[in-house]
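Got the model loaded and a selection box ready? Here is a short tour, one stop at a time.

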Amino acid sequence: THRFGIDGEERVYDVVTCGYYVPPANELKASQYFPTPVSVGERLFNLFNLYGFDTNSTLLEPSAGDGALVRLAIKRGFSKQNVACVERDSAMAEKLTLDGFTTQCADFLTVQPSQIYSHIAMNPPFRLGQDIEHVLHAMQFLSPGGQLAAIMSYGIMFRTDRRTVAFREFLRQYGQIEEELFEAFGPAGMQ
């Protein structure tokens, strides 16, 4: 046998869930930062338009990155004072704060709800099913009757591990899949 000097679990997981693997090109990619394309963000916010929001609505973006979704929220009518961000990268969190967004620099999965929101828009990390973990954690921040829209890996549609199967059942009971945006980011979400 040949022993490789790497842990192949993440690479195999990417191949199984996405059909191919593209290695991270730099540290930001390794941290799973992928800017949300404007067209994808527009499609996500169209879901909120279907169900309504107003200038008093509150919005949380729990993996804010460069702020693509929160900037789109402002363009769509959310008031900046009612928009909050969580971002683990300190430089990105600082930029969001300087741009006037209420921002907490933290790993979202370690944050406990101190406020609830009428809307949550998110593009969480996908690797190793983290998107499921992030969406379920985000539910604690959602007000009763609130709306959560998330961009997720297509793997949630076919993976057979216990967590993914339970998540699909959760969606059948409490949510829905409006659109499949799997190809929007290119190979393995890298573009």
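Which helix does Val-165 lie in? Select Val-165 and you land in helix H7. Keep in mind as you click around that this is a predicted model.

**Stop 1: Val-165**

Show Val-165 with its side chain. Is Val-165 buried or partly exposed? With a relative accessible area of 38%, Val-165 is partly exposed, because anything from 20% to 50% falls in that class. Now pick up its partners: once neighbours within four places in sequence are set aside, Val-165 is in contact with Arg-159 and Thr-160.

**Stop 2: H7 against H6**

Next, select residues 162-174 for helix H7 and residues 130-138 for helix H6. A pair of packed helices is described by the angle between the two axes and the distance between them. Here the axes come within 10 Å and cross at roughly 45°. H6 and H7 are therefore oblique to each other, and their crossing is left-handed.

Which residues make the contact? On the H6 side, show Ile-132, Glu-133, Val-135 and Leu-136; on the H7 side, show Arg-163, Thr-164, Phe-167 and Phe-170. Color this set by character and you get five nonpolar residues, one polar and two charged.

**Stop 3: the buried residues of H6**

Stay on H6 and switch the selection to its buried residues: Asp-131, Ile-132, His-134, Val-135, His-137 and Ala-138. Ile-132 and Val-135 are on this list and also take part in the contact with H7. What covers the buried residues of H6? The cover includes H7, strand S4 (117-122) and strand S5 (142-150), so bring both strands into view.

**Stop 4: Ala-149 in S5**

Go along S5 to Ala-149, which lies in that strand. Ala-149 has 4% relative accessibility and counts as buried, because the cut-off for buried is under 20%. Beyond its neighbours within four places in sequence, Ala-149 is in contact with Leu-44, Leu-47, Phe-48, Ile-120, Ala-121 and Met-122. Try a distance label too: the C-alpha atoms of Ala-149 and Asn-46 are 9.9 Å apart, although 103 residues separate the two along the chain.

**Stop 5: Ile-177, after H7**

Now move to Ile-177, in the segment after H7. Ile-177 is partly exposed, at 41% relative accessible area. Leaving out neighbours within four places in sequence, its contacts are Ile-156, Met-157 and Leu-171. For another distance label, click the C-alpha atoms of Ile-177 and Met-152: the separation is 9.9 Å, with these positions 25 residues apart along the chain.

**Last stop: zoom out**

Clear the selection and show the whole chain as a cartoon. How many helices and strands are there? You should find seven helices and five strands, and from the N terminus the order reads α-α-α-β-α-β-α-β-β-α-β-α.

Color by burial next: 43% of the 191 residues in the chain are buried. With a surface on, the accessible area of the chain is about 10,500 Å², and carbon and sulfur atoms hold 53% of that. As for contacts with a separation of 6 or more, 70% of them link residues 24 or more positions apart. The contact of Ala-149 with Leu-44 is a handy one to bring up while you look at the whole chain.

Technical notes
Residues are numbered from 1 along each chain as its sequence is written. This is a predicted model: local features need pLDDT of at least 70, side-chain atom pairs count only at pLDDT 80 or more; totals for chains, interfaces and linings use all residues. Side-chain values use heavy atoms; hydrogens and water are left out. Helices (H or I, at least four residues) and strands (E, at least two) are DSSP runs, numbered from the N terminus. Buried means under 20% relative accessible area, exposed over 50%, partly exposed in between (1.4 Å probe, protein chains only). Contact means heavy atoms within 4.5 Å. Accessible areas come from the Shrake-Rupley method with a 1.4 Å probe; for residues, only the protein chains shown count as cover. Axes are lines fitted to C-alpha atoms, for helices over the stretch in contact, and angles run from 0 to 180 degrees between N-to-C directions. Angles under 35 degrees count as roughly parallel, over 145 as roughly antiparallel, 65 to 115 as roughly perpendicular and the rest as oblique. A crossing is left-handed if the near helix is turned anticlockwise from the far one by less than a right angle, and right-handed if clockwise. Ala, Val, Leu, Ile, Met, Phe, Trp, Tyr, Cys and Pro count as nonpolar, Asp, Glu, Lys and Arg as charged, and the others, Gly among them, as polar.
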